[in-house]
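Subject: Handing over the structure, with notes

Dear colleague,

I am passing the structure on to you with this message, and I would be grateful if you could read the notes with the coordinates open beside them.

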Amino acid sequence: MNIDRTPIDSYFPDMQSAYKAARSVSQAVSDHFYKHHRDVFLHPEPLLASPPSPQVIEAIIDTTFWTSLRKEEGRSPKISIAYLSPDQADNPLVFGEMLPFNANSLTKLAPAVERSGIHLGVWAYDNELYVWGTTRQIPALCFVLEVIEPGMLVIKHRRIDGFGKFVNVAVLKGDQVKIIDENSGRVPACPNVVNSMMGFNSATIWNDSLNVLVQLAVSMRDHGRGGILLVVPSGSDSWRESIIHPISYAVEPAYSELAGLRDQVSNNTKSGIWQSKLTAAIHNLAGLTAVDGATIINENYELLAFGAKIGRSAKGSPVEEMLVTEPIIGNEGKIIHPVQNGGTRHLSAAQFIHDQHDATALVASQDGKFTIFSWTPYKQKVQAHRVDALLL
């Protein structure tokens, strides 16, 4: 394979997308990558993937969308496309001959790359896209398009330091397009965990990829059983006023494994050993949220209880309304009654935050929906942040 030719990705003169959403989203996504590549130049970063042009984005989305609707041996393809050249990847598997980037090639290759963390490397040569091989390691801000299910795609990129969940940029499902709103995290009292999931502003994209709550949210969603995680202030027992006693599974003394590992990884983010231990501890704690009731940790990530039943504080009043928002462009917050937002988990979490303003509640549904509840002082209401699009 000749990888020395100069890639030209500025235009595809014969590009005619059959999937209309590919063209509608391509410019906004391209602007996102170019903007953050410019921002990165203010920081020392040895290697970045090249930002894709709107035409390249459109072509990759269009081909991958139609591929996702096919089947190979009765199974729908689940693939992850990374736009980078072989020399931008770390230890890539390079094919002897490049393959044309089309539905036939992707469908045939899908069984070999469907496991998490494997990307098909795609690059443009002479105004044509080719699959050059596979890679498990990609540079920061590398354009990635992942097939979640037939007709559902997520555009994302790796965080700067390479640890933690990728940052989602847009979600496409059929003719529905959700582009993550970079400004939604700048509203007053937006929880830090929501900002970290978005990973767009300079503070979070550079310094917050180890946010444990983001990793816990991903793990809670992945176990598929639904659950509630309550995060309460350290050094205060006021949360107990909103919990029915006795607590089925109280933890005494507080279990601090995750807190200790988090600090060690923060001081040595390049250590694969500590990252592995932290990931295992996160999965262990997230698994407790599958038990009926709420899992409770403090702000230092110390486990206080699980399987706890939420009740209204004797000093509190019933929650009557809340603000529901989603961090996507074009979304407008709506004030609704909590029973309109979901089932028992959502209602009890909303009541807990209504009573405990300094707490945060993370709620996973069995169907994959995810909501983060917090108190919004400037509205004096519970706010439900729908973050499904950030966790795919």
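The notes below go from the whole chain to the sheet and its helices, and then to a few individual residues.

Please keep in mind throughout that this is a predicted model. The protein chain has ten helices and 17 strands, and of its 392 residues 55% count as buried. Among the contacts that join residues at least 6 apart in sequence, 65% are between residues at least 24 apart. The surface that the protein chain exposes comes to about 17,700 Å², with carbon and sulfur atoms supplying 49% of it.

An open sheet of nine strands, with mixed pairing, follows the order E10-E12-E11-E9-E15-E16-E17-E13-E14. Strand E10 (249–255) and strand E14 (334–336) stand at its edges, and because each has a single partner strand, one side of each is left without a neighbour in the sheet. From one strand to the next, the twist averages 20 degrees. At the E10 edge, three bridges connect E10 with strand E12 (residues 303–308) in an antiparallel arrangement, and tyrosine 255 has leucine 303 in E12 as its bridge partner.

Two helices can be described against this sheet. Helix H6 (residues 212–223) packs on it and touches strands E9 (227–232), E11 (294–298), E15 (360–364) and E16 (370–376), with a direction that makes about 165 degrees with that of E9. Helix H9 (residues 344–355) lies across E9, E13 (322–325), E15, E16 and E17 (381–386), and runs at about 20 degrees to E16.

Strand E17 also contains lysine 381, and you may wish to look at this residue: is it buried or exposed? Its relative accessible area is 16%, which is under the 20% cut-off, so lysine 381 counts as buried. Leaving aside residues up to four places away in sequence, lysine 381 touches Glu321, Ile335, Ser374, Trp375 and Thr376.

A hairpin is formed by strands E7 and E8, with two residues between them, and glycine 174 in the turn has a positive phi of about 60 degrees. E7 (residues 167–173) and E8 (residues 176–179) run antiparallel and are joined by four bridges, and alanine 170 stands opposite isoleucine 179 in E8.

Helix H3 (residues 103–113) has as its buried residues Ala103, Ser105, Leu106, Thr107, Leu109, Ala110 and Val113. The elements that cover these buried residues include helix H2 (54–68) and strands E1 (80–83), E2 (93–100), E3 (119–125) and E4 (128–135). The N-terminal end of H3 is capped by asparagine 102, which has a side-chain oxygen 3.2 Å from the backbone nitrogen of asparagine 104.

Finally, the aromatic pairs come to six. In the pair of phenylalanine 65 and tryptophan 66, the ring centres are 4.9 Å apart and the planes stand at 75 degrees, so this pair is edge-to-face. Phenylalanine 65 is buried, with a relative accessible area of 7%, whereas tryptophan 66 is partly exposed at 38%. Ring pairs also link Tyr19 with Phe65 and Trp66 into a cluster.

With best regards

Notes. Residues are numbered from 1 along each chain as its sequence is written. This is a predicted model: local features need pLDDT of at least 70, side-chain atom pairs count only at pLDDT 80 or more; totals for chains, interfaces and linings use all residues. Side-chain values use heavy atoms; hydrogens and water are left out. Two strands pair if DSSP finds at least two bridges between them. Axes are lines fitted to C-alpha atoms, for helices over the stretch in contact, and angles run from 0 to 180 degrees between N-to-C directions. Contact means heavy atoms within 4.5 Å. Buried means under 20% relative accessible area, exposed over 50%, partly exposed in between (1.4 Å probe, protein chains only). Rings of Phe, Tyr and Trp (its six-membered ring) pair if their centres lie within 6.5 Å; planes under 30 degrees apart count as stacked, over 60 as edge-to-face and the rest as tilted. A polar contact is a pair of N or O atoms within 3.5 Å; within protein, one must be able to donate a hydrogen and the other to accept it, and residues adjacent in sequence count only if both atoms are side-chain atoms. Accessible areas come from the Shrake-Rupley method with a 1.4 Å probe; for residues, only the protein chains shown count as cover.
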